[in-house]
Amino acid sequence: MEHLVSMKDLTVEEIMLILDRAAIFKRLGFRELPGTYTVSNLFFEPSTRTKTSFEMAERKVGAQIIPFETSFSSTLKGETLYDTIRTLEAIGLDALVIRHPSDGFYEELIERTNVAIINAGDGSGQHPTQSLLDLFTIQEEFGGFEGLKVLIAGDIAHSRVARSNAEALRKLGAEVTFLCPPEWAGEFDSVDNWDEVIETSDVVMLLRVQHERHNTEMAYTKAAYHEQYGLTVERAAKMKKGAIIMHPAPVNRDVEIADCLIESPQSRIFKQVENGVYIRAAVLELILKGRK
């Protein structure tokens, strides 16, 4: 694998290879790469979890991290993303982890550069390593995916997590249902009534309301959204035994999910964050190891 830009590009075998390698790292400890590789993290959107998680994973596999601050880069002088990438390639970097607000930013890059590109989130498009860490967390809980009922609830149309996970989970045999306000369904079929799905779902995956991607003011107050589309305490009480709660974070407390449920016994939200380091180390190893 030369790049990781979309879950659409991964076969079931490649997904399982990454999950298996992450599981080995988690069980036996990280292994450093047999060679010296340089990586830079280009985040053109704010990020706490993904950027820090990648940096931790890069250190765990022994990669050298070249600092890149978008607020001090030549992009502020009008340099194109392509020219920035070609410059970093010419300097000698092996891989670039990129988060960018444009959907599919990588499409014009991967055929025109030799540096490996890892998509850390593109607009409302894809977020492959978040999807892989979600899959890893689900696999730890249930041992597999075939026949699992996964409910994805929230701001579906603007969510790269929803898009990536729907693709991957269906590929692995899970049944995916979306719940959201009808105007936020995007290209997906959805329901808007929790009573139809809460008692039968194995995984309840909530999504952040992405105010920054809405062109108009939100039609719901925070309280109204929580009451109609959030995971309330009353709804959580109806979840089937053994079902889990997930959220890619950051969380809007008492909007997508009741504050007291975030660290409840059913929640795997911080487990997802922990698993992100193992997944990203596995991806870095797969892409960098043996790279010429």
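These are my notebook entries on one sheet, the helix lying across it, and one phenylalanine of this predicted model.

Entry 1, the sheet. I looked up the strand order first and found an open sheet of 4 strands, arranged E6-E5-E7-E8 with parallel pairing. I then noted its edges, which are strand E6, covering 175-179, and strand E8, covering 244-246, since each of these pairs on one side only. For the twist I wrote down that neighbouring strands of this sheet are turned by 20° against each other on average, with direction ignored.

Entry 2, the pairing of E5 with E6. I followed strand E5, residues 149-153, and found that 5 bridges join it to E6, the two running parallel. Within this pair I marked Leu 151, which stands opposite Thr 177 in E6.

Entry 3, the helix. I asked myself which strands helix H5 lies across. Helix H5, residues 160-171, lies across E5, E6 and strand E7 (203-206), and I recorded that the helix runs at about 155° to E6.

Entry 4, Phe 105. I located Phe 105 in the loop between strand E3 (95-100) and strand E4 (116-122). Is this residue buried or exposed? I entered Phe 105 as buried, because its relative accessibility is 4% and the cut-off for buried is under 20%. Leaving out residues up to four places away in sequence, I listed Leu 81, Ile 98, His 100, Asn 119, Gly 121 and Asp 122 as the residues that Phe 105 touches. I also checked Ser 124, which is 19 residues from Phe 105 in sequence and 11 Å from it in space, C-alpha to C-alpha.

Technical notes. Residues are numbered from 1 along each chain as its sequence is written. This is a predicted model: local features need pLDDT of at least 70, side-chain atom pairs count only at pLDDT 80 or more; totals for chains, interfaces and linings use all residues. Side-chain values use heavy atoms; hydrogens and water are left out. Two strands pair if DSSP finds at least two bridges between them. Axes are lines fitted to C-alpha atoms, for helices over the stretch in contact, and angles run from 0 to 180 degrees between N-to-C directions. Contact means heavy atoms within 4.5 Å. Buried means under 20% relative accessible area, exposed over 50%, partly exposed in between (1.4 Å probe, protein chains only).
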